[in-house]
Amino acid sequence: DEAQRFDLTPEPYKLSFAGEGVQDASLQAYDPLNDAPLPAQVVARSRNTLTVEVPLTDSPRLITIEGF
């Protein structure tokens, strides 16, 4: 099973994204190997920066940012 090939325990990471109008953006995180959404919490917002916390492992994660 492809999902079992990646076995590191999820660890919380903070990721920052910058851009004009990012303060109004929404964010979704997704685990394509397990076909499941991931929790993504906004931990800081400013006029040009959005910081989120997402659990990451050694498998791919997809993050979608919309609305800016």
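Strands here are DSSP runs of E with at least two residues, numbered from the N terminus. With that settled, let's work through this predicted model together.

**Exercise 1. Overall make-up**

Task: Find how many helices and strands the protein has, and describe its extent and surface.

Solution:
- Start with the count: there are 0 helices and 6 strands. Along the sequence this reads β-β-β-β-β-β.
- Next, take the box around the C-alpha atoms: along the principal axes its dimensions are roughly 45 × 20 × 15 Å.
- Now turn to burial. The protein has 68 residues, and 24% of them count as buried.
- The exposed surface comes to about 4,700 Å², with 48% supplied by carbon and sulfur atoms.
- For the contacts, consider those with a separation of 6 or more: 73% of them join residues 24 or more positions apart.
- Finish with charge: the protein has 5 positive and 11 negative charges, and their mean positions lie 9 Å apart.

**Exercise 2. The loop residue aspartate 35**

Task: Where does aspartate 35 sit, and is it buried or exposed?

Solution:
- Locate the residue first. Aspartate 35 belongs to the loop between strand S2 (26–31) and strand S3 (36–38).
- Check its backbone: phi is positive, about 50°, although aspartate 35 is not a glycine.
- Then apply the cut-off, under which exposed means over 50% relative accessible area. Aspartate 35 has 59% relative accessibility, so it counts as exposed.

**Exercise 3. Aspartate 31, in strand S2**

Task: Decide whether aspartate 31 is buried or exposed, and list which residues it touches.

Solution:
- Aspartate 31 is part of strand S2.
- Buried means under 20% relative accessible area. The relative accessibility of aspartate 31 is 5%, so this residue counts as buried.
- Look at what surrounds the residue. Setting aside residues up to four places away in sequence, aspartate 31 touches Ala36, Leu38, Pro60 and Arg61.

**Exercise 4. Building the sheet**

Task: Work out the strand order of the open sheet of 3 strands and name its edge strands.

Solution:
- Write down the order: S1-S5-S4, with antiparallel pairing.
- Identify the edges. Strand S1 (11–18) and strand S4 (41–45) each pair on one side only, and these are the edge strands.
- Add the twist: on average, neighbouring strands of this sheet are turned by 25° against each other, direction ignored.
- Zoom in on one pair. S4 and strand S5 (residues 49–56) run in the antiparallel sense over 4 bridges, and a hairpin of 3 residues joins S4 to S5.
- Read off the partners across this pair: arginine 45 faces leucine 50 in S5, while valine 42 faces valine 52 in S5.

**Exercise 5. Valine 42 and its surroundings**

Task: How accessible is valine 42, and which residues is it in contact with?

Solution:
- Valine 42 lies in strand S4, opposite valine 52 in S5.
- Recall the general rule for a regular strand: side chains alternate between the two faces of the sheet.
- Compare the accessibility with the cut-offs: partly exposed falls between the buried limit of 20% and the exposed limit of 50%. Valine 42 has a relative accessible area of 35%, so it is partly exposed.
- List the contacts, leaving aside neighbours within four places in sequence: Leu50, Thr51 and Val52.
- End with a distance. Valine 42 and leucine 15 are 27 residues apart along the chain, and their C-alpha atoms are separated by 9.6 Å.

Technical notes. Residues numbered from 1 in each chain as written. Predicted model: local features only at pLDDT ≥ 70, side-chain atom pairs only at ≥ 80, totals over all residues. Heavy atoms only, no water. Pairing = 2+ DSSP bridges. Axes fitted to C-alpha atoms, helices over the stretch in contact; angles between N-to-C directions. Buried < 20%, exposed > 50% of the residue type's maximum accessible area, 1.4 Å probe, protein only. Contact = heavy atoms within 4.5 Å. Areas by Shrake-Rupley, 256 points an atom, 1.4 Å probe, with all protein chains shown as cover. Lys, Arg positive; Asp, Glu negative; His and termini not counted. Charge placed at Lys NZ, Arg CZ, Asp CG, Glu CD.
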